[in-house]
Amino acid sequence: MTTSKNVLSNDVEIKGSIKFSHDLIIDGKIEGEVVSDGSLTVGENALIKGEVKTRSVIIFGKVEGNITVAERCELKSNAILVGDIAAGTLAIEEGATFMGQSQVGKKPETKPVFGGAPKQP
């Protein structure tokens, strides 16, 4: 099985939500929510105005909106992010611009620590 990345080039503009399953490279303009259980790469020419909810994201361009990723969020040296980040891990290169708040680390488990149901009296 070959894995190829889907690409939205820099002449593409979309107003509305985008949902995808595997890997996507966006180098155009998106105004709306981007949702996936895959990996997103925001290219150097890209501008995303809206929420990003993916498994992982690498940002080279500009994002105006909150980012929620289950695994890794990377801001490369020319990246601009105006919004909050919730991620498992966060990497910010020197030169990147980040204006917002970050919550990094695994979210606490909501399951009981000892794995059993509460005992009834």
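## A tour from Ile48 outward

Begin by selecting Ile48, which, leaving aside residues up to four places away in sequence, touches Ile26, Ile30, Val34, Leu40, Val42, Lys62, Val63 and Glu64, where contact means heavy atoms within 4.5 Å. The model is predicted, so local features need pLDDT of at least 70 and side-chain atom pairs count only at pLDDT 80 or more, while totals for chains, interfaces and linings use all residues. Residues are numbered from 1 along each chain as its sequence is written, and side-chain values use heavy atoms, with hydrogens and water left out.

Next, add Leu40: in the largest nonpolar core, which has 24 residues, Leu40 and Ile48 touch the most other members. Such a core is a set of buried Ala, Val, Leu, Ile, Met, Phe, Trp, Tyr and Cys residues joined through side-chain atoms within 4.5 Å, and buried means under 20% relative accessible area with a 1.4 Å probe, protein chains only.

Now select strand E4 (23-26), one of the strands that supply at least two residues of this core; strands are DSSP runs of at least two residues (E), numbered from the N terminus. Along E4, Leu24 and Ile26 point to one face and are buried, whereas Asp23 and Ile25 point to the other and are not.

Stay on Ile26 and look to its partners. Strand E1 (residues 6-8) runs parallel to E4 and is joined to E4 by three bridges, with Leu8 as the bridge partner of Ile26. E4 is also joined to E7 by four bridges, again in parallel, and there Ile26 stands opposite Val42.

Terms used:
Buried means under 20% relative accessible area, exposed over 50%, partly exposed in between (1.4 Å probe, protein chains only). Two strands pair if DSSP finds at least two bridges between them.
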